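Trainee: Could you take me through a model step by step, giving the general idea behind each feature before turning to the case at hand?

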Amino acid sequence: MLTVAAVQSHGLQKPILSNRNFHGCLENLLYSDINLIDLAKHGSSQVAVVGNVTFSCAEPVSVAVTFTDSHSFLQLPGLTSWSTGLVSVTLQFRTWNKGGLLLTFGLPQQDGTIFLYLSQARLRLQISKAGRSSLDLSADNDLF
């Protein structure tokens with residue numbers, strides 16, 4: 001039995017439906033070269049669909065980017081004004097690498113730089129300012 005978006009309890013025949021609902025989109029869900037989403041769309045008796053399920057993604061579709069070597073990067077245009085003093089960044093990524101730079105940007109008014117990176121499978125944030133020691137923050141748990 002394969003259960004998606006539920007918790008399988010050891011020793012029990014039925015999955016335990018979590019009170020945390022799955023939110024998101026699945027595509028290309030294959031099991032032994034069988035397209036489970038296609039079976040569910042066509043109402044196959046081989047697949048059981050429970051709950052509020054639609055077969056379209058309401059969320060915007062992102063374009064996946066592959067960085068082929070350690071020198072690859074994506075550069076976005078910089079902000080010309082930091083009038084609000086706030087920055088909001090959303091990242092979605094997947095990697096098998098346990099280390100690497102994810103995001104960096106400068107703080108022109110503070111003469112500093114922000115680095116968000118993976119090191120030893122931990123998410124780390126470093127804030128560097130000229131003439132000061134850097135502030136280093138780290139996630140408590142390994143991400144892998």
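The dialogue below goes from the overall chain to its sheet, its turns and its surface.

Trainee: Before any detail, what pattern does the protein chain follow along the sequence?

Mentor: Keep in mind that this is a predicted model. The protein chain has 1 helix and 6 strands, and, read along the sequence, these elements follow the pattern β-β-α-β-β-β-β.

Trainee: How much of the protein chain counts as buried?

Mentor: Of its 144 residues, 9% count as buried, where buried means under 20% relative accessible area. The accessible surface of the protein chain comes to about 12,800 Å², and 53% of that surface belongs to carbon and sulfur atoms. As for contacts between residues at least 6 apart in sequence, 14% of them join residues at least 24 apart.

Trainee: Let us turn to the sheet: which strands form it, and in what order?

Mentor: The general idea is that strands of a sheet pair through backbone hydrogen bonds, either parallel or antiparallel. Here, 4 strands form an open sheet in the order 3-4-5-6, with antiparallel pairing. Strand 3 (100–107) and strand 6 (135–138) are the edge strands, each of which pairs on one side only. Neighbouring strands of this sheet are turned by 15° against each other on average, if direction is ignored.

Trainee: How many bridges join strand 4 to strand 5, and how many does strand 4 share with strand 3?

Mentor: Between strand 4 and strand 5, which run antiparallel, there are 8 bridges, and one example to inspect is threonine 113, whose bridge partner in strand 5 is serine 128. Strand 3 and strand 4 (residues 112–119) pair over 7 bridges, also in the antiparallel sense. In that pairing, threonine 104 has phenylalanine 115 of strand 4 as its bridge partner, while leucine 101 has tyrosine 117 of strand 4. Strand 5 and strand 6 run antiparallel as well and are joined by 4 bridges, and in this pair isoleucine 127 stands opposite leucine 135 of strand 6.

Trainee: Which side chains of strand 4 point to the buried face, and which to the other?

Mentor: In a regular strand the side chains alternate between the two faces of the sheet. In strand 4, Gly112, Ile114, Leu116 and Leu118 point to one face and are buried, whereas Thr113, Phe115, Tyr117 and Ser119 point to the other face and are not buried.

Trainee: Where the chain turns from one strand to the next, what phi does glutamine 120 take?

Mentor: In the hairpin of strand 4 and strand 5, which has 2 residues between the strands, glutamine 120 takes a positive phi near 50°, and this is a residue other than glycine. Glutamine 120 is exposed, with a relative accessible area of 64%. Alanine 121 lies in the loop between strand 4 and strand 5 too, yet alanine 121 is buried, because its relative accessible area is 3% and the cut-off for buried is under 20%. Alanine 121 and glycine 100 are 21 residues apart in sequence, and their C-alpha atoms are 9.4 Å apart in space.

Trainee: Which residues take a positive phi in the hairpin of strand 3 and strand 4 and in the hairpin of strand 5 and strand 6?

Mentor: With 4 residues between strand 3 and strand 4, their hairpin includes aspartate 111 at a positive phi near 55°. The hairpin of strand 5 and strand 6 has 5 residues between the strands, and glycine 131 in its turn has a positive phi of about 75°. Outside this sheet you can also look at aspartate 33, which is not a glycine but has a positive phi of about 65°. Aspartate 33 sits in the loop between strand 1 (30–31) and strand 2 (34–35), and aspartate 33 is exposed, with a relative accessible area of 76%.

Trainee: Finally, which residues make the nonpolar surface patch?

Mentor: Val65, Phe67, Leu74 and Leu76 make a nonpolar surface patch of about 440 Å². One of these residues, leucine 74, lies in the loop between helix 1 (36–41) and strand 3, and leucine 74 counts as exposed because its relative accessible area is 58%, the cut-off for exposed being over 50%.

Key. Residues numbered from 1 in each chain as written. Predicted model: local features only at pLDDT ≥ 70, side-chain atom pairs only at ≥ 80, totals over all residues. Heavy atoms only, no water. Pairing = 2+ DSSP bridges. Axes fitted to C-alpha atoms, helices over the stretch in contact; angles between N-to-C directions. Buried < 20%, exposed > 50% of the residue type's maximum accessible area, 1.4 Å probe, protein only. Patch = residues over 30% accessible without salt bridge, like charges linked within 9 Å, V, L, I, M, F, W, Y side chains within 5 Å. Areas by Shrake-Rupley, 256 points an atom, 1.4 Å probe, with all protein chains shown as cover. Salt bridge = Lys/Arg side-chain N within 4 Å of Asp/Glu carboxyl O. Contact = heavy atoms within 4.5 Å.
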